[in-house]
Amino acid sequence: MSSTGEEIAATAEPGASALASQDGVQSNPADQLVEENESLQARLTTTNAELVHSSARLREVEHQLEEQEKIYSEAAADQQKDYIAQCDSLKADIASLTSQLTHLKNELSSAPVTDDNRPATPAGTNVTDGLQKIQRVFKVVLVGDSGVGKTTFIRHLCLGQEAANATSSTVGVDFYTKLMTVQGQCTSLKIWDTAGTERFRSITKSYFRDANGVLLVYDVTAVKSFSHVRQWMGDILENADDHVVVMVLGNKTDVVAERLEDDSVLTNHGRTLADSYRSLFAEVSAKTGAGIADAMAMMIRAMQDVEDEQIRRTRLAVDVDNEGKSGSRSCC
Ligand SMILES: Nc1nc2c(ncn2[C@@H]2O[C@H](COP(=O)(O)OP(=O)(O)O)[C@@H](O)[C@H]2O)c(=O)[nH]1
Ligand SMILES: [Mg+2]
């Protein structure tokens, strides 16, 4: 294949005379050249065909490679998204657990060891010093539009006025605890804040899980927040336990001047709406603290009553069950 036409032409004469001297047969050099040319032409054609075929195959393989790369990169991107989502969710869990841990540590360090021999606390004593045995534990969650004062309310209740009015927006899941004695029972409240997720209306079902109470907050100076109470109520009905105690809470009652304007919610409007859902109702000022203790006492009483009723029903069911069993034994 290395010989060119010129090389063949240049060597044709000596090759032809050599053939003539060896065989003694006179062969025509021109015929030889034609033959050789034809053979070369045939090989060229074959090689060309092979080249075309190989090029086509190469393109095919390259295409397959590209497709494979695309599939892998798409799968990798999907997987990466998956990992990122998992990481975000784990980070949220960690933030929540860290917050819980901090609050539990605070509670532990501020709550002295309980003493069963201590005299019983008189009913109605407003105890927040943790010197008693905790008799009830209730989970309470807060919902309502962003800006209505949920975080301020919970901070006022659990940390006091100064902490309530310190500027800090809700970041991450927030969890607070509060000891209150109502109806003579020392009650530990575990209160959950929305962590700002209400802005995106992305409060999850798990937020409501096992909640004994829901505080549905609106701003008495912002009628829009009040008009969203029905939507929040829908979320509660859909996600919370049937026996959950709901309190509709009008906040910012200290802003007296603005309450007289059109964009405000009158007390009777709030109460009527709460009544229509058979919910509790109260008005408070998370800023000054007015009404907070009374509202929470009302809420705790209702949660205690619900729990008592559930215990009573369970006992009744067990008694009926036991009676049934003993009755069936005696008849056999
Ligand atoms: N005047 C007044 N301002 C309040 C009251 N409660 C909250 N705020 C203010 O309303 C804004 C939003 O409060 P925040 O607790 O962050 O609302 P959240 O988004 O529902 O948690 C903040 O500037 C608070 O200081 C209140 O009772 N009275
Ligand atoms: Mg908040």
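In strand β3 of this predicted model, tryptophan 192 is the bridge partner of phenylalanine 175. Helices (H or I, at least four residues) and strands (E, at least two) are taken as DSSP runs and numbered from the N terminus. Residues are numbered from 1 along each chain as its sequence is written, while chains are lettered from A and ligands numbered from 1 in the order in which they are written. The model being predicted, local features need pLDDT of at least 70 and side-chain atom pairs count only at pLDDT 80 or more, whereas totals for chains, interfaces and linings use all residues.

Strand β3 covers residues 185-193, and tryptophan 192 lies in this strand. Strand β2 (residues 174-182) pairs with β3 in the antiparallel sense over nine bridges, where two strands are said to pair if DSSP finds at least two bridges between them. On β1 (residues 136-143), six bridges lead to β3, and these two strands run parallel. One of the residues involved is valine 140, whose bridge partner in β3 is isoleucine 191. Tryptophan 192 counts as buried because it has 23 C-beta neighbours inside 10 Å. Here a residue is buried if 20 or more other C-beta atoms lie within 10 Å of its own, exposed if 12 or fewer, and partly exposed in between, with C-beta atoms placed from the backbone. Beyond its neighbours within four places in sequence, tryptophan 192 is in contact with Val141, Leu142, Phe175 and Tyr207; a contact requires the C-beta atoms of two residues, placed from the backbone, to lie within 7 Å. The C-alpha atom of tryptophan 192 is separated by 9.5 Å from that of alanine 211, 19 residues apart along the chain. As for β3 itself, seven of its nine residues are buried, so the strand is largely enclosed by the rest of the structure.

The backbone angles deserve a look as well. Most residues other than glycine have a negative phi. Glutamine 183, which is not a glycine, has a positive phi of about 55 degrees. It sits in the loop between β2 and β3, in a hairpin with two residues between the strands. With 15 C-beta neighbours inside 10 Å, glutamine 183 counts as partly exposed. Lysine 252 also has a positive phi, near 75 degrees, and is found in the loop between β5 and α8 (256-259). Lysine 252 counts as buried, because it has 28 C-beta neighbours inside 10 Å.

Turning to the interior, the largest nonpolar core has 53 residues, and Val214, Leu216 and Met247 have the most contacts inside it. Such a core is a set of buried Ala, Val, Leu, Ile, Met, Phe, Trp, Tyr and Cys residues joined through C-beta atoms within 7 Å. Helix α10 (residues 292-331) gives the most to this core, with six residues. Not counting residues up to four places away in sequence, leucine 216 touches ten residues, among them Val143, Val229, Trp232, Met233, Ile236 and Met247.

Helix α7 (residues 229-239) has Val229, Trp232, Met233 and Ile236 as buried residues. Seen down the axis of α7, its buried residues fall within an arc of 105 degrees, so they line one face of the helix; the arc is that of the directions from the helix axis to the C-beta atoms. The face turned away from this side carries the exposed residues Arg230, Gln231, Gly234 and Glu238. The buried residues of α7 pack against β1, β4 (213-219), α6 (223-227), β5 (245-251) and α9 (267-276). In α9, Gly270, Leu273 and Ala274 are buried. Down the axis of α9, its buried residues fall within an arc of 100 degrees, so they too line one face of the helix. On the other side of α9, Asn268, Thr272, Asp275 and Ser276 are exposed. The cover over the buried residues of α9 includes α7, β5 and β6 (280-283). Arginine 278, which follows α9, has a positive phi near 55 degrees.

Around ligand 1 there are 15 residues, of which Gly149, Lys150, Thr151, Thr152 and Lys287 come nearest; a residue is near a molecule if its C-beta atom, placed from the backbone, lies within 6 Å of it. Helix α3 (residues 150-159) gives the most to this shell, with three residues.

Overall, the protein has 10 helices and six strands. Of its 332 residues, 26% count as buried.
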